[in-house]
Structures are given as C-alpha cells and as structure tokens.
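Pull the model up on your screen and keep the sequence beside it. We'll walk through it one spot at a time.

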Amino acid sequence: MSDQNKQIELPDFITVRDLAETMGASSIDVIKKLMANGVMASINQQIDFDTAAIVAEELGFDAKSTADADAEPVSSGDLPEWRKIIDQVDESKLKRRPPVVTILGHVDHGKTSLLDRIRSTNVADGEAGGITQHIGAYQVTHDGRLITFLDTPGHAAFTAMRARGAQVTDLAILVVAADDGVMPQTKEAIAHAKAAQVPIVVALNKIDKANANPELVKTQLATAGLVPEEYEGDTMVIPISALKGDGIEDILEAILLVTDELKIDADPNGKAAGTIVEAERNKSRGVLATMLVQNGNLKQGDAIVAGNISGRVRAIFDFRGKKIKSAGPSTPVEIMGLSDVPSSGDMFEIVKNERTARKVAEERSIAAKASANAKKSGPTLDQIFSQFNAGKVQELNLIIKADVQGSLEPIISSLEKLGNDDIKVRIIHSGTGNIGESDILLASASDAIVIGFNAEPDTSAKNAAATEKVQIRFYNIIYRLIEDIELALNGMLEPEFIERATGVAEVRALFRISKVGNVAGCMITDGEIGRADHARISRGGEIIHEGKISSIKHLQEDVASIRKGFECGISMEKFNKFKEGDIISAYVVEEKNTVF
C-alpha cells in the first residue's frame, strides 16, 4: 500500500453508490473493481467493510472502520464468542460459574437413565418431588454448588452446534455400559468430545448386571484413548448403576473435581451473552428460545440480538417453567420476545436498545444473504502447506475411515510418523465402515479432511459434505495415501483435475442479437447445463470450439441453469458461429479424488 494513499473512514456496511461518492470515484469503476474480486454487486447493493476496503485500496485509499456509536457489538460476520467478551473484562470482576455438562454415549448404554436418575435424586430448594424439567436443560445442586446439564440428543447435535461456532460444554460425561463395552458410537462420541477439547469423565454404567466386565471395558477405553487413572492415565472412570442409583453422588463429585481445575469464570454483572440451545414458534406465546447464559446477567426488558434476529426480552422462565426476572452465567432459561426463530447454536448478546438490536440484526441478515452463495470452503489437502506458511494451521486434522480394521491400523501407524516439530498429523477420529454424516459434521467443526480407504460416503454424508464444504479423498492403495499426506505436509502436492459431464444440448435454431451475435436456440437432451459450465461444440462428430458458457436464457429471462426437456438460448464466450444441428456438451472441472 502506498504511503500517499488518502485516508477515508467507512462504516461496517455501505452501498456501492455511497462508497463511490466517499472516494469521489465513478460507480462504474467501483463495480469493475468488485467484479475483478469476484463480487457481483449493483449500484444500490450493500457491501461489507472488508470488501469496501479492498476496493478502496485498489483505487488509492486507506480505509479505516468507523462503527456506529450505538452499535456496540460487531455488526457483521460471525457473532463474537462469549469467551472473547470475558477476555475483555477486568479480572477482578470475574467469578466462578457453575460447570456446564453434556452426556454422550452409545445408544442403549444408559444416557437417558442417568439424566433421569440425577434429576430424580437431586432435591433443590426443598422441592420434595425432585425436578420437573421444562426445557432441554436443568440444574442440580451438589455440596451447595450448582451444576448445569444440557440434554443434547447425541454427539452429532453436540458437534453441529460447535460447527456453528458454539462451544457450550465444559465437560462431557461418556456413558459406557459395563456389559457391552466400547462400541463404534462410543468411539465417535470420544472423537467429538476430544475435537472440542472438552475433558471427559466416564460413567461406567450397568455394573450391577451379572455379565458386567468393568476391567475389560477399562482396557477398551485405554485402547480408544481414554486411559483410566488406575492404569496410570488421567481419565476418571466412575462405576454406576443408573437403574439403582449407585454412584450418582460420585459422578457429581467427579464433575466438580475436574471442572475445578478449569478456568470457568464469568462476569455475573456484565451484559449478557451466550448461546441459543433450541427455539420454536408457539401458537399462543410466540417465539420461545431456550438459551444458555454464558456471561453477564440477562434481565427482563433487555434488548437482544440472536444471530440475525432481534427483540426485547419480554419474559424469562427457568428450567422448571417458573417465571424469573434475571439469569446469571451457566443458567439455562427460556425467553419470550424475539421477532423470529433463531437457529440452534447462534450466539446471543444484549445491546443498548431495540433500535440498535434491529440495526445490527438487519446488517447481519444482509451480510448472510450476500455470502450465502460464497461459503468458505474447508481446507483441502493441497492447500495445507500454504495455510501453514501463512500461520493458519500447525496441524493437519484428519478423519480416517477404512473398510476393515486390518487396513486402518497400518494407515494410522504410518500417518502418526509423518510431520515434524512445526506441522503434524492429528487424527481426530478413525473407524471402519462407510463415511457417515457424523464424520462430515466432525470434520466441519474441526477443519479436518476426511480420508476414505475403500470406504464411500453415504447419501447424507455426500449432502453434508457439499453443504459444509468438507473435502473427502478416496484411496485404495495405502502407500499412495501416505505419500499424498507426506507431500501435502511438505507443500509438494499438486491438485489433479478431472472433467465431469453435466449436460448435452442440441442447437435447433439461431437468433441474432445486436452486440452479441448469434445465440443458439437449444433443446437440453441430457442432464443439466449451468451458466458457469465449460462446453465443447461438435459439428458432424468433430469438435470445432471449446470454451465457457457466457449466458443461458429461458423465455427471455437469464437463468443459472436449465435441465433436460427444456428449451433455452445459449451463448458462448468468444464464439458465435453456431449452426443448426451443433451439439453442445457441457462439463465442469473438479479436483480429482475429492468430494465436496
């Protein structure tokens, strides 16, 4: 950037017209710069500060951000994490908060039974009947201290929230049945908790059963990476019977012991911030949102922003459904007053007033729409070294799925030997069988790449990979897999590209359009052709041109794509000499060995 660049101040969002006026530049010049950077924007469209700053720099200006005085929170991009808010608080204001616990484990190992037993045996505030849970979270008291439990459906939901930037859990209780042992779902739960860097306490359930074999299960846990304390490891394994109530007090004690080693502080008197656990629209009460307050003090009447939804807190209910006036850190509550239903995992925060809340929510909504079609891809194997050089990664996170255990073990053994002191391979999760949706969610939340060795993704996994932009690479020879990872760590892996046919069209008529030339009137005879596709023009069996499609029109309207059975007009870049009977074969270029 030149020292002679002129200084300008820009808000978090600005229209193209206003940006041009601020710089004294032509709107056309601004639009051209945006297009050169891959942003298609009209003169009245809003762009965010980062985009505007790039354009300004290219036009000789040094842009600085000037936030609206009322707009205290960040008004674009991801919501600020509550932990970042705590980092900005004077340490003298921080107080110890109750730990937040999630229970994970294999189906039928007793997760629900343990939750029910903790609820029924804990007597709070002299409530002889125990706890009647109103929402998907509750609090219990042990040794005069509160513990918050989040009743998540499973590790996939746990990780789905984390993939959205939400980190709500301080500790995970892993329920393992003493008569069944470590199962595939148990291993997945361990991987998800470890990827979230959440400490794990094992509840060894069903010890009262005649066929229980706790020592065998402890050996299995050690093999899975959770070495029990009696094996000189650091994992607490608590024998319990959720059915009879044995060991419940020991579990609660273990929770406090482990979390006392963690710094789980918050400012109980600051502005509230936290996470949306779930939300719904109730016919009689409007939008109801279950939230976990993670910092500050949420009060009735507060102006609130949750994701790109705003509102005012009209009522607060605790986990029993009792109306309360305020809620402090680690408190699960249900609130009324949001204008629409936020998404699970959205962060919420309190702002100065409703006008600010609406403004921030609107700006976030605009930003979300603008970036909806430009979701950042997750890491790809050939990008890892460049990201390392840029200081963005120190580890190559992998999820390995293989057809059989005999293949998995040598792959893991070989991969663990790769890397150096600067960049290492970290295997987030490994297992046998096909690649599932849970693997993709874990990869998305952990910035990992999925490796399939003779293992294919199921339909839900393919869809999730496309949505989350997770790279899946396939191998059937072990040494090629190891070689590619080694090359990636050394910055020598070059991506390979292949063509994938998308559709075929037959030219049936020609149209003359001024300034464009001939446009081919076509019938799509196979597949689907997109506006960004490449295409080959064949005439009499010979290819006469290869290039990129520039536009597709259907009934005089520009369309992004068109499928088999429909008529359309197609124009090509640098080619307009169509003839009736020409065949247009469209294709896209994709990286080999990869699924998104």
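Let's start with a serine: at 1% relative accessibility, S330 counts as buried. Keep in mind that what you're looking at is a predicted model. S330 sits in the loop between β19 (326-327) and β20 (331-338). Its backbone is a bit unusual too, since S330 has a positive phi of about 70 degrees although it is not a glycine.

Step from that loop into β20, and you stay under cover: eight of the eight residues of β20 are buried. Who are its partners? One is β14, which pairs with β20 in the antiparallel sense over six bridges. If you want a pair to click on, take L292, whose bridge partner in β20 is P332. Another is β17 (residues 309-317), joined to β20 by four bridges and also running antiparallel to it. Here the pair to look for is I316, which stands opposite I335 in β20.

While you're around β14 (residues 286-295), have a look at Q294, which belongs to that strand. Is Q294 buried or exposed? Its relative accessible area is 3%, and the cut-off for buried is under 20%, so Q294 goes down as buried. Its side chain isn't without a polar partner, though: it makes a polar contact with the side chain of T275, at 2.6 Å.

Now go to E354, which is found in helix α10 (residues 354-371). At 32% relative accessibility, this glutamate counts as partly exposed. Which residues does E354 touch, once you leave aside its neighbours within four places in sequence? The answer is A303, G311 and R312. There's also D302 to consider: E354 and D302 are 52 residues apart in sequence, yet their C-alpha atoms are 8.5 Å apart in space.

Next up is another sheet to trace. Six strands form an open sheet here, in the order β7-β8-β6-β9-β10-β11, and the pairing is mixed. β7 (137-142) and β11 (237-239) stand at the edges with a single partner strand each, so one side of each has no neighbour in the sheet. Neighbouring strands of this sheet are turned against each other by 30 degrees on average, direction ignored. Within the sheet, β6 (residues 100-105) and β8 (residues 145-150) run parallel and are joined by three bridges. To find one of the paired positions, pick V100, whose bridge partner in β8 is T148. Helix α9 (residues 248-260) packs on this sheet, touching β6, β7, β8, β9 (171-177), β10 (200-205) and β11. The direction of α9 makes about 100 degrees with that of β8.

Between β7 and β8 there's a loop, and D143 has its place there. Like the serine we began with, D143 has a positive phi without being a glycine, in this case about 55 degrees. Is D143 buried or exposed? With a relative accessible area of 58%, D143 is exposed, whereas S330 is buried.

Helix α14 (residues 459-468) is a good place to see a helix with two sides. A461, A464 and A465 are buried. Why do these three end up on the same side of α14? They cover an arc of only 100 degrees around the axis, which puts them on the same side. On the other side of α14, T459 and T467 are exposed. And what covers the buried residues? The cover includes α13 (437-446) and β25 (472-475). Just after α14, you'll run into K469, which takes a positive phi of about 60 degrees.

Last stop, the cysteines. How many disulfides does a search of the whole structure find? Zero. Take C522 as an example: it is in no disulfide, and the nearest cysteine sulfur is that of C568, 5.2 Å away. A disulfide would need the two sulfur atoms within 2.5 Å, so at 5.2 Å the C522 and C568 pair isn't counted as one. Turn it around and you get the matching picture, with C568 in no disulfide and the sulfur of C522 as its nearest cysteine sulfur. Both residues are under cover: C522 is buried, with a relative accessible area of 3%, and C568 counts as buried at 7% relative accessibility.

Terms used:
Residues are numbered from 1 along each chain as its sequence is written. This is a predicted model: local features need pLDDT of at least 70, side-chain atom pairs count only at pLDDT 80 or more; totals for chains, interfaces and linings use all residues. Side-chain values use heavy atoms; hydrogens and water are left out. Two strands pair if DSSP finds at least two bridges between them. Axes are lines fitted to C-alpha atoms, for helices over the stretch in contact, and angles run from 0 to 180 degrees between N-to-C directions. Contact means heavy atoms within 4.5 Å. Buried means under 20% relative accessible area, exposed over 50%, partly exposed in between (1.4 Å probe, protein chains only). A polar contact is a pair of N or O atoms within 3.5 Å; within protein, one must be able to donate a hydrogen and the other to accept it, and residues adjacent in sequence count only if both atoms are side-chain atoms. The arc is that of the directions from the helix axis to the C-beta atoms.
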